[in-house]
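Q: I should like to learn how features of a protein model are read, from single residues up to the whole chain. May we take them in turn?

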Amino acid sequence: MKRIFAFVFAVLTFSILLSCTQQEQEVSVSSVTLSQPTAEMIIGETLTLKATISPTNATDKQITWASSKQSVASIDQSGKVEALTEGVSIITAVAGGKTGSCAITVSKGYITVESLELDNQELTLVEGDEFLLKATVKPDDATERTVTWSSSDSKVVTVDDSGKVKAIKEGEAAITAKAGEKSAECKVTVSAKKIDVTMVMLSKTSLSMIVGEEFTLTATIEPDDATEKTIVWHSSDNNVATVSNPGGVVHAVKEGSALIYASADGQEASCRVTVDYHRVSDIELSTESTTLYPSETTIISAMVIPSNATYPELSWSSSNNEIAVVDGGKVTAVNPGKVTITASNRDIQKQIEITILVPLLSVSLDRSSASMFEGTDLTLHATLNPSYADLRDPLTWSSSNIDVATVDNDGVVSAIKPGVAVIKVTADGKTADCIVSVTIPGNGNEDTVEEIWK
């Protein structure tokens, strides 16, 4: 009996202990708290939230994360939040049936103004005139897009919050627009009253052109301070010649005649344009280069292509009249140097390079006479005056009697047999002589140059 009672008692005791152990292991979550209840983020930023579970010994610590608006802010299961678009999303962390939350507000953040431009940088107004300036702020999503306006002198010109400028009295003032850290300025000139145009004048009253050619006419208004300065251009016949408006650029279309008009404030001026087909396409010169000495002249022949050009006349010019002058193709050398002679017809040009040489005044030898033995050599040296003279032809050497003595191109004289020879050097028409006497060595009574010459 005692054994049975002891066994029952042991079973009951084990059951009670097992029930108590199970109750101690199941600890419920009482709250979930996030590391911050709210957060402001900029698109593209990330934030890691941390969840704290109470009590710390809660049985179920598994956290599940969720976002009320995944398009605004996404959340992964590690608590990492990524800001995607503008808006508000509630991030929740759930554990053991308890929830913690954080309100995420996503915005674009501060976007700096990169540029501010006005549609006009200068204005000319008359007293009482109004003009609406337009300001463009970039980028379009800049945070501070509001433009503030101001005038440097409100007695001359005022500006309201919309950019409307009003001319008050004669003078000058600057209108400034500002957005963020950027600003732009428009210079405003106010005239006391409207000044009428009294005359329009053109830079040319007649013009000859070739088909396809362009020419810019310039219009001048009087008086200079006229209020209305806008020039309006038009052609009497666009089939012959057109004109750009604005600009005054005349374009020759086909052969014929047309009037080009420029008008301003009721005044008008015109230019008669004659268009022709035959235009000089090339110029052929008789030579590409030549040389002259001072005071010498040469004629440069020129031919225009095509030969039936309407305006074949050529104009001639020298790059330096101190070196050479040209008159109708005739070139006259003045001073040593290099010069370019140009023949022109409209935009066609051809050139010839002319070198004006330094003339040789004289040539001399290092000796005027010499005695040589038969079979020997002697080198004569020639000196130019001036030493920097430009020679058209190289130095030439010659002997009056090659049976007695010869000379080569370097001035080396060779004695051939007894006798006398005159060695001559020539340069550009200038000459110098050396009398050479050749004798036989060892005869004891060699003749002198003078004796043999006699």
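Q: Where does Ala-226 lie with respect to the strands?
A: In this predicted model, Ala-226 is found in the loop that runs between strand S22 (219–222) and strand S23 (232–235).

Q: Is Ala-226 buried or exposed, and why?
A: A residue counts as buried when its relative accessible area is under 20%. Ala-226 has 3% relative accessibility and therefore counts as buried.

Q: Which residues does Ala-226 touch, not counting residues up to four places away in sequence?
A: With that exclusion, Ala-226 touches Ile-195, Asp-196, Val-197 and Ile-221. As for Lys-193, it is 33 residues from Ala-226 in sequence, and the C-alpha to C-alpha distance between the two is 9.8 Å.

Q: How does one look for empty space, and which residues line the largest pocket?
A: Rolling a probe the size of a water molecule over the atoms shows where empty space is left. Here the largest pocket has a volume of about 190 Å³. Ala-226 and Lys-193 both belong to its lining, together with Thr-124, Glu-170, Thr-189, Val-190, Ser-191, Ala-192, Ile-195, Asp-225, Thr-227 and Lys-229.

Q: What is the make-up of that lining by class, and which strand gives the most to it?
A: The lining of the largest pocket has four nonpolar, four polar and four charged residues. Strand S18 (residues 182–191) gives the most, with three residues.

Q: Where is Ala-93 placed, and is it buried or exposed?
A: Ala-93 sits in strand S8 (residues 87–95). Its relative accessible area is 0%, so Ala-93 is buried. Leaving aside residues up to four places away in sequence, Ala-93 touches Val-32, Leu-34, Ala-51, Ile-63, Thr-64, Trp-65, Lys-98, Thr-99 and Gly-100. Ala-219, by contrast, is 126 residues away from Ala-93 in sequence and 80 Å away in space, C-alpha to C-alpha.

Q: How many helices and strands does the protein have, and why is it described as more spread out than a compact globule?
A: The secondary structure comes to two helices and 45 strands. The radius of gyration is 53 Å, well over the 22 Å that the globule rule gives for 454 residues, so the protein is more spread out than a compact globule. Its C-alpha trace spans about 185 × 95 × 45 Å along the principal axes.

Q: What share of the residues is buried, and how much area does the protein expose?
A: Of the 454 residues, 31% are buried. The protein exposes about 26500 Å², of which carbon and sulfur atoms supply 50%. Among contacts with a separation of 6 or more, 55% are between residues 24 or more positions apart.

Notes. Residues numbered from 1 in each chain as written. Predicted model: local features only at pLDDT ≥ 70, side-chain atom pairs only at ≥ 80, totals over all residues. Heavy atoms only, no water. 1 Å grid on protein atoms, 1.4 Å probe; cavity = no way out; pocket = protein on both sides within 12 Å on 5 of 7 lines; lining within 4 Å. Points joined across faces, edges and corners; volume = space filled by probe spheres on them. Helix = DSSP H or I, 4+ residues; strand = E, 2+ residues; numbered from the N terminus. Nonpolar A, V, L, I, M, F, W, Y, C, P; charged D, E, K, R; others polar. Rg over C-alpha atoms; globule rule 2.2 N^0.38 Å. Buried < 20%, exposed > 50% of the residue type's maximum accessible area, 1.4 Å probe, protein only. Contact = heavy atoms within 4.5 Å. Areas by Shrake-Rupley, 256 points an atom, 1.4 Å probe, with all protein chains shown as cover.
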